[in-house]
Amino acid sequence: MTTIDSQQSLFSAESYFGTQTPPPTLDQDIAGVRSFVHRQRDLGRKVVLVTSGGTTVPLELNVVRFLDNFSAGTRGATSAEYFLKAGYAVIFMHRQFSLQPFSRHYSHSTNPFLDFLEIETTADTPRITATPSKYDHLLEVLTAYKSVQQAGLLHTLTFVTINDYLWLLRAVSQELSVLGRNALYYLAAAVSDFFLPRQKMSEHKIQSGKGSLLIEMDQVPKILQPLIDEWTPDGFIVSFKLETDPALLVPKARGALERYGHHLVIGNDLHRRKYEVVFVSRGHHGSAASDVTAHWLRISADAVDARGHAKEIEEDIVAELSKRHQAWVDGPQPRPPG
Ligand code: 9Z3
């Protein structure tokens, strides 16, 4: 059995999965992913895994309190819609109750769906109709949603804790690896950097009355490394880097790219994330550190799209990614060993 080094408190992916327990629904979730992936493979479709929303860090085994983060899942849910439009099948792995593709347009707090409905009382039996001013938009969203459902292009999975997320990501990526280069990873979930191993968690609700509470957390293992090297070596992998200090954004994104050697890091600043992102990747001349390029995508706050709706930066992110992923699919294949 893998043990935790209590001196270092540093988990490798191997020691993490050797000591932390899988979520109870993992096998069932993965059976669903397997049949989805195999169906898409038989149909020759590319598949993108979109991770979305924030992970929680429970403080107790019988959990009453947990740490969380700000992410509502807007980036992931919006991008998933554009990936579907671009012809991808989508595995949408999201934080329970965070925004989802299509229904995101009718979020309960900003756009409650009941406000889109009217009761017509002219006939004997009252009928429900759509509010006229909202009708066109509703029809557009509903048409896209129904056609995606009918074509079986969207598969949804949920996580809550950082532990759920890590187990699911490993298992889903192993399933997706059968697609080789046709698999794209779009890791937009806001993943906690720190966690409490279950061996250090209080079983019951932490009691107050003893003064301040001190909690020492362990670092979450760097999961991108085995994802890239072992679980899905041929997939096109895009990670996100979030910073709040703009001066750190490109250096940190660049650091992640150099550390893991994957395809692309998309950097975003917390406050500017809806209007600009930076694509940090290697150029065309090999993997020399000096060859890293930073390519900015920007939209203005009042930009509109081709249909006259408020422009979403995810439209441009996904357009650029589809091109880069296709170039990877069509690119030179590594020579077989021997
Ligand atoms: C992101 O950077 C996402 O774009 C956001 C989206 C979380 C900012 P919203 O849900 O926000 O649309 O409101 N995701 C990745 C964040 C993250 O945890 N990155 C890690 C890091 O920065 C690396 S995997 O170190």
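This text walks through the structure from its confidence scores to its core and its ligand.

The model is predicted. Its scores are ipTM 0.96 and pTM 0.94. Averaged over the chain, pLDDT is 93. At least 70 is reached by 94% of the residues. The start of the chain reads otherwise: over residues 1–7, pLDDT stays under 50. For that stretch the model has eleven contacts beyond four places in sequence.

Now turn to the inside. Nonpolar side chains tend to be buried together in soluble globular proteins. Here, the largest nonpolar core holds 68 residues. Val-50, Val-90 and Ile-91 have the most contacts inside this core. Helix H5, residues 162–176, gives the most to the core, with nine residues. Where does the core lie? Domain 1 (1–100 + 143–234) and domain 2 (241–330) both give residues to the core, so it lies between them.

Take Ile-91 as an example. Leaving out residues up to four places away in sequence, Ile-91 touches Val-33, Phe-36, Val-47, Leu-49, His-155, Leu-157 and Val-172.

Look at H5 itself. Of its 15 residues, 14 are buried, so the helix is mostly covered. How far apart are the end C-alpha atoms of H5? They are 21 Å apart. At 1.5 Å a residue, the 15 residues should span 21 Å, which agrees.

Last comes the ligand. It is surrounded by 15 residues. The closest are Ser-71, Thr-74, Arg-75, Phe-240 and Leu-242. Two elements give two or more residues to this shell: helix H3 (74–85) and strand S11 (236–243). The largest share, four residues, comes from S11.

Note on methods
Residues are numbered from 1 along each chain as its sequence is written. This is a predicted model: local features need pLDDT of at least 70, side-chain atom pairs count only at pLDDT 80 or more; totals for chains, interfaces and linings use all residues. A nonpolar core is a set of buried Ala, Val, Leu, Ile, Met, Phe, Trp, Tyr and Cys residues joined through C-beta atoms within 7 Å. A residue is buried if 20 or more other C-beta atoms lie within 10 Å of its own, exposed if 12 or fewer, and partly exposed in between; C-beta atoms are placed from the backbone. Domain bounds come from an automatic or database domain assignment. Two residues are in contact if their C-beta atoms, placed from the backbone, lie within 7 Å. The expected span of a helix is 1.5 Å times one less than its number of residues. pLDDT is the predictor's confidence in each residue, from 0 to 100. A residue is near a molecule or strand if its C-beta atom, placed from the backbone, lies within 6 Å of it.
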